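Visitor: Before we discuss anything, could you put the sequence and the structure in front of us? I would like to go through the fold and its cross-links slowly, with the criteria stated as we go.

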Amino acid sequence: MAAAQPVCYGNDITLSVNNPSESYSYKWYDPVGGESIHTGTSYTIEGIQQETTLTVKTVSENSCLSEGTDITAQVNELPGIPNATGASVCVGESVTLHADIDNGMEARWYDVVEGGESLSSQGDYSPVNLTVGSHTFYVSQYNTTTGCEGARTAVVATVKAAPVQPVVGDGARCGEGSVVLTVNNVPSSQAPTYQWFATAEGGTVLNEGASYATQSLTETTTYYVQAVEDGCISARTAVMATIHAIPSTPLAQNVARCGNGTVVINAEPADNCVCKWYDSQDVAIVSGLSNDDKTLTTSSLQLRLPA
């Protein structure tokens, strides 16, 4: 006489009389007895939480009651809240969120705490186009047999920024030896770790630190440095350690004069070089130079004889 389909826990359920007659009315009762709780061809239980049985009776035109018919409102349990795991990645990397889904269930992923469209039905979900920062998603379990969906649990995807790419000036020296290369933009606080390499990609870390003293070099060599912070790596910066060849000895001849006075000394440096003049104590001479520093005119020299 009356029927209803099972519903999910917490939903409303409507019990209805099948093929009701307009000549009769129908009264609903609690099976334990008492007064009628409702009159009509149907009765709705709001937010049902457990299986419930009601009795419905037909009332004739002369107010006679029929025998009662029991009808049971059946409730399907909701799936449990899944165990879910968030993830933390560096910007540019893919992120995968995971939920443990029971047998017979599907996942339902959302980007809102209530409502919204399901983003995925898989246990693993990889959102795309995430910016730096924390992003909260929500996942529930969905029973494919009963059509019931459980409560959602929050899952956080964190995208970390890459450290600032190092700024390094090229280093140089004259002749064979070590060249010191130094990062110029080291933050004043929470400085990252700087790693030095001989290759633009991959390779072995040669040194860690804001400065790197290379091995002894005989020729110009390019190195690469990257910043590492909280597991994230910057792009590498190329830096050149330049070895300048030591110029050949300039050509010069001894000169002399008779008596006191100045002396003019000429020297011819190697190609693309200039001359630097020093006295006998290796003190640089800065006056008396001319002809692009190729000529030195000494101050007045005097001969002093021992007493």
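**Strands, disulfides and one loop residue**

Visitor: Which residue in E8 is the bridge partner of Leu 54?

Guide: This is a predicted model, in which local features need pLDDT of at least 70 and side-chain atom pairs count only at pLDDT 80 or more, whereas totals for chains, interfaces and linings use all residues. Residues are numbered from 1 along each chain as its sequence is written, and side-chain values use heavy atoms, with hydrogens and water left out. Strand E7 (residues 52–59) runs antiparallel to E8 over five bridges, where strands are DSSP runs of E with at least two residues, numbered from the N terminus, and two strands pair if DSSP finds at least two bridges between them. Within that pairing, the partner of Leu 54 in E8 is Ile 71.

Visitor: Which strands stand at the edges of the open sheet to which E7 and E8 belong?

Guide: The four strands of this open sheet are ordered E5-E4-E7-E8, and their pairing is antiparallel. An edge strand has a single partner, so one of its sides is left without a neighbour in the sheet. That description applies to strand E5 (38–39) and strand E8 (69–73).

Visitor: In the sheet with mixed pairing, which residue in E15 does Ala 107 stand opposite?

Guide: Here the order of the four strands is E11-E16-E15-E13, again in an open sheet, with strand E11 (87–90) and strand E13 (105–110) at the edges. E13 pairs with strand E15 (residues 133–143) in the antiparallel sense, over six bridges. Opposite Ala 107, the residue in E15 is Gln 141.

Visitor: Why is the disulfide of Cys 8 and Cys 148 left-handed or right-handed, and what is its torsion?

Guide: A disulfide is a pair of cysteine sulfur atoms within 2.5 Å, and the sulfur atoms of Cys 8 and Cys 148 are 1.9 Å apart. Cys 8 lies in strand E2 (residues 7–8) and Cys 148 in the loop between E15 and strand E16 (153–160), so the pair ties together parts that are 140 residues apart in sequence. The disulfide is left-handed because the torsion about its S-S bond is about -100°.

Visitor: Are the cysteines of the link between Cys 90 and Cys 232 buried or exposed?

Guide: The sulfur atoms of Cys 90 and Cys 232 lie 2.1 Å apart, and the pair joins strand E11 to strand E23 (residues 232–233), 142 residues away along the chain. Buried means under 20% relative accessible area, exposed over 50% and partly exposed in between, with a 1.4 Å probe and protein chains only. By contrast with Cys 174, which at 53% relative accessibility counts as exposed, Cys 90 and Cys 232 are both buried.

Visitor: With which side chain does Glu 149 make a polar contact of 2.6 Å?

Guide: Glu 149 sits in the loop between E15 and E16 and is partly exposed, with a relative accessible area of 27%. Leaving aside neighbours within four places in sequence, the residues in contact with Glu 149 (heavy atoms within 4.5 Å) include Arg 108, Tyr 110 and Ser 140. A polar contact is a pair of N or O atoms within 3.5 Å; within protein, one must be able to donate a hydrogen and the other to accept it, and residues adjacent in sequence count only if both atoms are side-chain atoms. The side chain of Glu 149 makes one such contact, of 2.8 Å, with that of Tyr 110, while the 2.6 Å contact is with the side chain of Ser 140.
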